[in-house]
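Open your viewer, load the model and get ready to select pieces one at a time. Each stop below tells you what to pick and what you will find there.

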Amino acid sequence: MLIRFVILPLVFVLVLTGCKKSATVAKDAADQSKSAAASATPGPSSAATAATQSAAPVITKPAIDQNAQVVILGYHRFVNNVKRPDTEITPAAFEAQMQELKNKGIAVIPMQDLLAWRRGEKAIPAKSAVITFDDGWKSQYEVAWPILKKFNYPVTLFIYTEGIKPGHFSGGESMSWEQLAEMRDAGIDIQGHTATHSDLRKPYDKVAKKKLNPEEYEQWLNNEVAGSKQMIEQKLGVKVNCFAVPYGFHNDHIRDVAMKAGYEALFTVYGQPITMHTPLSSVGRYLMEANKPKVFTDAVAAIATTAVGPSVAEVAPSNLQTQPADGETIKNALPLIKANIASLGAIDPGSVEMRVSGLGKVDASFDPKSTTVAYQVTQRLKDKTCTVIVSAKSAGKKVETHWTFNINEGGTNAAPPAPLPSVAPSTPPPAAPPAAKPKKKKK
């Protein structure tokens with residue numbers, strides 16, 4: 001009997017707890033159902049947010065000064081007691097040059113900004129300079145880098161891999177891979193300068209100390225150009241897209257090997273102002289020498305008064321209503337070409353121009369009311385891919401847009417549109433100046 005009185009209250013407690021738990025589970029399930037229903041039928045604000053997130057962003061290119069100019073300055077060693085003026089300069093002279101760039105209003109930009117400008121991806125100041133250091137001397141790390149930090153100037157290092165400790169040609173005046181990694185972590189750009197700093201035109205391996213036959217030369221050249229690139233990328237985890245030719249000595253074959261290796265630009269020692277149309281397969285640099293201060297003066301003077309011009313803002317074709325549409329394939333080689341260019345801004349009607357690939361500048365009409373520019377092609381378009389460029393002035397600045405369509409008179413299969421080059425087609429690089437006596441490097 002006593003057991004019965006003990007068991008009955010216990011059973012009652014268990015039943016009551018189970019009921020509460022069931023009620024809690026049911027309530028949670030109901031709350032989840034309400035939440036799911038709310039998610040399935042969003043209110044006005046949720047719908048607006050979703051629509052905003054799904055809307056495609058309007059992509060436009062930055063305003064780019066097509067007339068900007070850049071000089072590239074090259075340095076080697078920084079020493080107080082100059083013994084080899086062809087590759088050395090004092091720290092005081094170097095700092096004075098950096099100060100003069102600032103005083104002259106010449107912006108020092110990263111090498112990668114220069115290349116992005118050439119691709120039409122980034123704007124740069126009208127008067128710019130790029131600083132480069134060659135070989136991998138320790139004084140670049142210990143002496144010159146602290147000076148650059150004072151001015152907050154970027155720099156690109158062109159290193160040859162066998163000259164970096166513990167490389168075959170490294171020594172007490174060489175940088176180590178650890179020091180390069182430190183500079184990399186600070187944002188310094190590190191690029192290629194071959195493996196052994198040899199005259200690439202000559203079939204001679206100075207590590208093996210032997211003359212090379214044609215087959216051996218090609219293997220050696222590939223290692224100097226591509227192999228050194230791969231080593232830098234593997235050791236430092238960086239992208240190497242620039243190549244400085246030792247002594248500036250190069251030829252068509254060397255340029256071809258470099259470009260096939262994946263370099264975007266090849267640099268020499270024949271100083272020149274860099275423009276939007278300078279061939280990237282032969283970009284000149286002004287090399288600084290202690291006994292030739294006029295080289296720096298000439299470099300600064302080359303752009304101090306000539307780098308002027310209005311900016312050109314590019315507008316994406318997705319912001320236009322074009323005919324034919326961007327990327328469309330048509331069958332008619334005599335199409336009506338037109339575009340609504342309202343997205344270019346407040347247009348100066350007299351400034352509107354249209355250019356058609358294969359035809360050049362055409363006599364297009366512009367209707368200010370409808371902001372439509374149009375041209376009826378009267379001469380059959382011969383190329384399978386056609387690019388249209390429309391430019392005008394808006395608020396005192398030049399604005400430009402372009403789109404591409406394809407012509408397939410005999411079928412319906414669309415050919416992929418060819419992208420418009422970001423720069424004018426490059427002219428063949430000038431022949432290299434007569435070979436100078438190679439400068440001695442590290443021992």
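Start by selecting residues 127–135, which form strand β6, together with residues 156–159, which form strand β7. In this predicted model, the two strands run parallel and are joined by 4 bridges. To find a matching pair across them, show phenylalanine 133 and look straight across: leucine 157 in β7 stands opposite.

How does the chain get from β6 to β7? Add residues 138–151 to your selection: this is helix α5, and the chain passes through α5 on its way, making a right-handed β-α-β crossover.

Keep β7 on screen and show its side chains. Are its two faces covered or open? Thr156 and Phe158 lie on one side, Leu157 and Ile159 lie on the other, and all four are buried, so both faces of β7 are covered.

**Across to β8**

Now select residues 189–192, strand β8. Like the pair you began with, β7 and β8 run parallel, and 4 bridges join β7 to β8. Show isoleucine 159 and you will find glycine 192 of β8 opposite.

Next, add residues 177–185, helix α6. Together β7, α6 and β8 make a right-handed β-α-β unit. Colour Trp177, Gln179, Leu180, Ala181 and Met183, the buried residues of α6. Here is a handy rule for reading any such pattern: an α-helix has 3.6 residues a turn, so residues three or four places apart point the same way. What do the buried residues of α6 pack against? Their partners are α5, β7, β8 and α7, the helix at 214–236. Before leaving, click on glycine 187, which follows α6 and has a positive phi near 100°.

**Two buried loop residues**

Go to asparagine 241, in the loop between α7 and β11 (242–244). Asparagine 241 counts as buried because its relative accessibility is 4%, under the 20% cut-off. Leaving aside neighbours within four places in sequence, asparagine 241 is in contact with Gln112, Leu115, Gln191, Gly262, Tyr263, Glu264 and Ala265. Select these residues to see what surrounds asparagine 241.

Then move to threonine 268, which sits in the loop between β12 (265–267) and β13 (286–287). Threonine 268 is buried too, with a relative accessible area of 1%. Try a distance tool here: a polar atom of the threonine 268 side chain lies 3.3 Å from the backbone nitrogen of tyrosine 270. Beyond four places in sequence, the contacts of threonine 268 are Gly248, His250, Ser282, Val283, Gly284 and Arg285.

**An antiparallel sheet**

For a new kind of pairing, look for the open sheet of 4 strands ordered β15-β17-β21-β20, where the pairing is antiparallel. Which strands are at the edges? Select 321–323 for β15 and 365–367 for β20; each of these pairs on one side only. From one strand to the next, the twist averages 10°. In general, strands of a sheet pair through backbone hydrogen bonds, either parallel or antiparallel.

Zoom in on β20 and its partner β21 (residues 372–376), which pair in the antiparallel sense over 3 bridges. Serine 365 stands opposite alanine 374 in β21.

Stay in β21 and pick tyrosine 375. Is tyrosine 375 buried or exposed? Its relative accessibility is 14%, so tyrosine 375 counts as buried. Check the distance to alanine 364: the two C-alpha atoms are separated by 4.6 Å, although these residues are 11 residues apart along the chain. Not counting residues up to four places away in sequence, tyrosine 375 touches Pro335, Leu336, Ile337, Met354, Leu359, Val362, Asp363 and Ala364.

**Cysteines, then the whole chain**

Select cysteine 242 and cysteine 386. Cysteine 242 is buried at 0% relative accessible area, and cysteine 386 is buried at 1%. How many disulfides are there in the whole structure? A search finds 0.

Finally, zoom out. The protein chain holds 9 helices and 23 strands. Of its 443 residues, 42% count as buried. Among contacts in the chain with a separation of 6 or more, 66% come from residues 24 or more positions apart.

Terms used: Residues are numbered from 1 along each chain as its sequence is written. This is a predicted model: local features need pLDDT of at least 70, side-chain atom pairs count only at pLDDT 80 or more; totals for chains, interfaces and linings use all residues. Side-chain values use heavy atoms; hydrogens and water are left out. A disulfide is a pair of cysteine sulfur atoms within 2.5 Å. Buried means under 20% relative accessible area, exposed over 50%, partly exposed in between (1.4 Å probe, protein chains only). Two strands pair if DSSP finds at least two bridges between them. A crossover is right-handed if, with the strands pointing away from the viewer, the path from the first strand over the helix to the second runs clockwise. A polar contact is a pair of N or O atoms within 3.5 Å; within protein, one must be able to donate a hydrogen and the other to accept it, and residues adjacent in sequence count only if both atoms are side-chain atoms. Contact means heavy atoms within 4.5 Å. Axes are lines fitted to C-alpha atoms, for helices over the stretch in contact, and angles run from 0 to 180 degrees between N-to-C directions.
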